[in-house]
Amino acid sequence: MKAARFDYVRPTDCREAIALYQQSAGMGKYLAGGQSLGPMMNLRLVQPELLVDLGGIGALLECRVNGEFTVLGALTTHAAIEDGLVPDPTRGMMPWVASSIAYRAIRNRGTVGGSLAHADSAADWVNLMAALDVQYLVESPEGTRTISQADWMMGTFTTALREDEILTGVRIPALTVSARWSYYKFNRKTGEFAEAIAAFVDDPERHVRRGLIGAIDGSPYVINDATPLLDGWDEAFAHEQLIAAGMKPDTYEYRIHAVALARAARTLTKPYGGKT
Amino acid sequence: MTLLELTVNGKAIRAEVEPRTHLADFLRERLLLTGTNLGCEQGVCGACTIMVDGRLIRSCIAFAVASVGSEVRTIEDFDRDPVMQELRTAFSAEHALQCGYCTPGMLATARDIVTRLPEADDARIRQELSGNLCRCTGYVGLVRAIRRVLDARHASAIASDTLRKGPLHGN
């Protein structure tokens, strides 16, 4: 349960990090908070020859508010979001979700960017960001580029990020005052990865009525117009969406996702701040 | 080998380490601070929980090289810490430990609960303890021990407040 041998570098900016990574000829790995990569290296599921630690890059901690968008630096920790140390454009949704990620010792180190780049389908950020429809800011050898939410996650543990690219931050649209949200996850044990996730973001002023079925095989399933589940509860529509999300009727997966979706919808009907 | 400079329990440390050495192994094998225990070595059980720069972390999934410049505090450094003194007494009184293997990590997490969440109710204490696995004592004693410290600190806060402002009078 010890990591295999590797070389370690700690650059101070992204350009240097990319240059160092490129020397590894594809055998390197970027390290953010290390709360997934650390265990995977200890278990030798991953054996990079070079670890490029992004922890020394101050720019990746920068957060800024630009009008209707907030950019969170990739190295923002779950705990910083939980504690309200960074701007929250989501009217409480992000801090609330952050507070139930794993355990405090993990949240103190784990980062938004690391989690999104790792892209575990059952993790919180890939699902929440899909519900919020964010954009992904990327530093690549050729310069910077932006990846849309729809293009980000290609499957479990697979994103549109090329191996030498670095996710530098996420651009999150602000919810308006009239927005409602809910997020429900089912875990077998507190702090474990979710068995099922469901979320709603209802922001009529921005014409957003989005639903999400998450912790499924592959990328989260987004319900672009979830009106039938927001104005009352349309059971047939819910069934259609669960099937479209890849659930097979009368299975454990179908049932827990159906329950998560219904519970998320129910908590949303409460006034603003719809916590589960 | 990489040169590592950091502070451990108030002492400046300079050492050559292999990048693959995790912080818990560095503390235990190189500095002989064996109070930090290793359980799962994959960040799940919480036995290796320590404080780095004032925050709880898992030392089994943190590489020592990545801790350059950090201030590390292990269980050995908490001998004279007032909160930890209260917790140790409460752990004994409430039978919050049996074999003791999870205890260093439990105490670190318990101290974090007491200092960060003074208003925590029992459900919150349980939630916060969910990242530290205890397989022999059970959580009833652990929750009670932390409850006892929180209650005692509330009582003494009220008492000192009353002393400062004088007794309350109805109006």
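Start by selecting B:Leu38, which sits in the loop between helix H1 (23–30) and S3 of chain B. Keep in mind as you click around that this is a predicted model. Colour by burial and B:Leu38 comes out as partly exposed, because 18 other C-beta atoms lie within 10 Å, and a residue needs 20 or more to count as buried. Now show its contacts, skipping neighbours within four places in sequence: you should pick up B:Ala24, B:Ala47, B:Cys48 and B:Cys60. For a distance label, try B:Arg28: this residue and B:Leu38 are ten residues apart along the chain, and their C-alpha atoms are separated by 9.5 Å.

**Zoom out to chain B**

Select the whole of chain B and switch to cartoon. There are five helices and five strands to find, and from the N terminus on they come in the order β-β-α-β-β-β-α-α-α-α. Along the principal axes, the C-alpha atoms of chain B fill a box of roughly 70 × 35 × 20 Å. Of the 171 residues in chain B, 43% are buried. If you like contact maps, plot one for chain B: taking contacts between residues at least 6 apart in sequence, 61% join residues at least 24 apart.

**The sheet**

Next, pick out the strands of chain B. They make an open sheet of five strands, ordered S2-S1-S5-S3-S4, with mixed pairing. Which strands stand at the edges? Strand S2 (11–17) and strand S4 (55–58) of chain B do; each has a single partner strand, so one side of each has no neighbour in the sheet. Look along the sheet and you'll see the twist: on average, neighbouring strands are turned by 40° against each other, direction ignored.

Inside the sheet, go to S3(B) and strand S5 (residues 71–73) of chain B. This pair runs antiparallel and is joined by two bridges. Put sticks on B:Met51 and you'll find B:Arg73 of S5(B) standing opposite. Then bring in helix H3 (residues 103–116) of chain B, which packs on the sheet and touches S3 and S4 of chain B. The direction of H3(B) makes about 50° with that of S3(B).

**Two domains in chain B**

Recolour chain B by domain: domain 1 covers 2–77 and domain 2 covers 79–165. Taken over C-alpha atoms, the centres of these two domains of chain B are 23 Å apart. How many residues are in contact across this boundary? Twelve from domain 1 of chain B meet eleven from domain 2 of chain B. On the domain 1 side, strand S3 (residues 49–52) of chain B gives the largest share, three residues. Colour that side of domain 1 of chain B by class and you get seven nonpolar, five polar and no charged residues.

**Helix H4 of chain B**

Now select helix H4 (residues 122–129) of chain B, where B:Ile125, B:Glu128 and B:Leu129 are buried. Turn the view to look down the axis of H4(B): the buried residues fall within an arc of 95°, so they line one face of the helix. What do they pack against? Their partners are H3 and helix H5 (139–165) of chain B, plus helix H5 (104–107) of chain A. That last one takes you across to the other chain.

**Across to chain A**

Select the residues where the two chains meet: chain A puts 27 residues into the contact and chain B puts in 21. On the chain A side, strand S1 (7–9), helix H2 (37–42), strand S3 (50–53) and H5 of chain A supply at least two residues each. By class, the chain A side has twelve nonpolar, eight polar and seven charged residues.

**Last stop: the domains of chain A**

Colour chain A by domain, using 7–56 for domain 1, 58–173 for domain 2 and 180–268 for domain 3. Focus on domains 2 and 3 of chain A, whose C-alpha centres lie 21 Å apart. Here 21 residues of domain 2 of chain A are in contact with 18 residues of domain 3 of chain A. To see what domain 2 of chain A brings, highlight helix H4 (93–98), helix H7 (124–132) and strand S8 (153–155) of chain A, the elements giving two or more residues to that side. H7(A) gives the most, with six residues. A final colouring by class splits this side of domain 2 of chain A into 14 nonpolar, five polar and two charged residues.

Terms used. Residues are numbered from 1 along each chain as its sequence is written. Chains are lettered from A and ligands numbered from 1 in the order in which they are written. This is a predicted model: local features need pLDDT of at least 70, side-chain atom pairs count only at pLDDT 80 or more; totals for chains, interfaces and linings use all residues. Domain bounds come from an automatic or database domain assignment. Two residues are in contact if their C-beta atoms, placed from the backbone, lie within 7 Å. Helices (H or I, at least four residues) and strands (E, at least two) are DSSP runs, numbered from the N terminus. Ala, Val, Leu, Ile, Met, Phe, Trp, Tyr, Cys and Pro count as nonpolar, Asp, Glu, Lys and Arg as charged, and the others, Gly among them, as polar. Two strands pair if DSSP finds at least two bridges between them. Axes are lines fitted to C-alpha atoms, for helices over the stretch in contact, and angles run from 0 to 180 degrees between N-to-C directions. A residue is buried if 20 or more other C-beta atoms lie within 10 Å of its own, exposed if 12 or fewer, and partly exposed in between; C-beta atoms are placed from the backbone. The arc is that of the directions from the helix axis to the C-beta atoms.
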